[in-house]
Structures are given as structure tokens and as C-alpha cells.
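Please look over the model below together with its sequence, and then follow the text through a few of its features.

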Amino acid sequence: MEKVVAAVDLGGTNLRVALVARDGRLVWRKSTPTLAQEGEKAVFERLVSALRDAVGQAGGRQVVGMGIGIAGPVRQPEGIVASTPNLRGWDNVPLKSLLESRFSFPIRIENDANLAALGEHRYGAGRGTRHMIYITVSTGIGGGVISCNKLLNGADGFAS
């Protein structure tokens, strides 16, 4: 049975969910408006619904984990969203534990720019390098640093 992970980009405008194979191949994806103005609880329930859709689309594949990217600092390894500029009211949200109470696979919450840096390092322009800096300019400005093939997170995961 092929193993996949659920990948999530939880942004202020769009909520994107995908199933990705180990080799980086996109298996399935869906985008829906985040509707951040509806508040923390509504966005969380929309996230849970999108993730259930993804699990339902796995078919004969096994979902073995989930990674969620979100703007702003995330306390590691607890997966607590310290704050995010794109989702009003999302301060000190224990997103990892809230999702683990609903799903039976490991969950990792990370700063979205850090995840973009990891993606470029493994599958994109940074492939084959030991060190790189990734800068993103979008709704906000962010970045991630890879040193000796590892993402630098800082003492509390706030190196984003």
C-alpha cells in the first residue's frame, strides 16, 4: 500500500490541502477559502473538514502523517501557534493537540516559510546543497535557513 502524507497550507486567504507521496509526487489537492473573518473556531472546523476530505480521497493509500504550514512562530515540538498575522485570534493555539484528538496519525505544525525552505531544499532549487537561505515575499515576508542539511528552528521554534 502506498503511503502518503497530508500537506496543509493554512493561510489567511486560502486553505490548501494535498496528499503527497514520499517521492514528492502530488496525489490529490484541494483549495478552499479560509474565511478568516469567521473566527478561530470556524476556521478550525473548516480545516478539520478539509482534512477529512483528504483522508477520504486517499483511496487505497495510507495516510501516515500530516504537516501544516502557517504564517508566524510555532512552538516546537508542542505545535502551538504562538501567533499568526493572517488569522485574527490565533494566539497560543494548541493546534497539534487539537488535531491529534481528531486524527490517528502524527501531526507536525511548522512556520510556512520554513516548510517552503525544506521543500526547495529537498525537491527544488536547493536540491543537492548543504546550506541555503529561502526568502518568500507574498502576503508577508518570511524565510527559512537550512544549515548542514537541517532546518534551523531556534530554541523555541521562533527562528522563522
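In this predicted model, a useful place to begin is the salt bridge in which the side chains of E38 and R46 meet, with 2.6 Å from N to O. The two partners are not equally accessible: E38 has a relative accessibility of 44% and counts as partly exposed, whereas R46, at 18%, falls under the 20% limit and is therefore buried.

A second salt bridge joins R102 to E45, the closest N and O atoms of the pair being 2.9 Å apart. Because R102 lies in the loop between α2 (95–100) and β7 (107–111) while E45 belongs to helix α1 (residues 40–56), this pair ties together parts of the chain that are 57 residues apart in sequence. Both residues are partly exposed, R102 with a relative accessibility of 35% and E45 with 33%.

A third salt bridge is formed by E110 and R108, whose closest N and O atoms are 3.1 Å apart. Here E110, at 2% relative accessibility, counts as buried, and R108, at 43%, counts as partly exposed. Elsewhere, salt bridges that share partners join E2, D23, R25 and R61 into one network. The structure holds eight salt bridges in total.

R108 also leads to another part of the model, since it is one of the residues in contact with M66. M66 is found in strand β4, which covers residues 62–70, and it is buried, with a relative accessible area of 4%. Leaving aside neighbours within four places in sequence, the contacts of M66 also include A6, L51 and L99, together with F103, F105, P106 and I107. The C-alpha atoms of M66 and E2, which are 64 residues apart along the chain, are separated by 15 Å.

The last region to consider is an open sheet of three strands, arranged in the order β8-β9-β10 with antiparallel pairing. Because β8 (132–137) and β10 (150–151) stand at the edges and each has a single partner strand, one side of each is left without a neighbour in the sheet. The antiparallel pairing of β8 with strand β9 (residues 141–147) runs over six bridges, and within it I133 has V145 in β9 as its bridge partner. Helix α3 (residues 112–123) packs on this sheet and touches β8, β9 and β10, its direction making about 45° with that of β9.

Note on methods
Residues are numbered from 1 along each chain as its sequence is written. This is a predicted model: local features need pLDDT of at least 70, side-chain atom pairs count only at pLDDT 80 or more; totals for chains, interfaces and linings use all residues. Side-chain values use heavy atoms; hydrogens and water are left out. Helices (H or I, at least four residues) and strands (E, at least two) are DSSP runs, numbered from the N terminus. Buried means under 20% relative accessible area, exposed over 50%, partly exposed in between (1.4 Å probe, protein chains only). Contact means heavy atoms within 4.5 Å. Two strands pair if DSSP finds at least two bridges between them. Axes are lines fitted to C-alpha atoms, for helices over the stretch in contact, and angles run from 0 to 180 degrees between N-to-C directions. A salt bridge is a side-chain nitrogen of Lys or Arg within 4 Å of a carboxyl oxygen of Asp or Glu.
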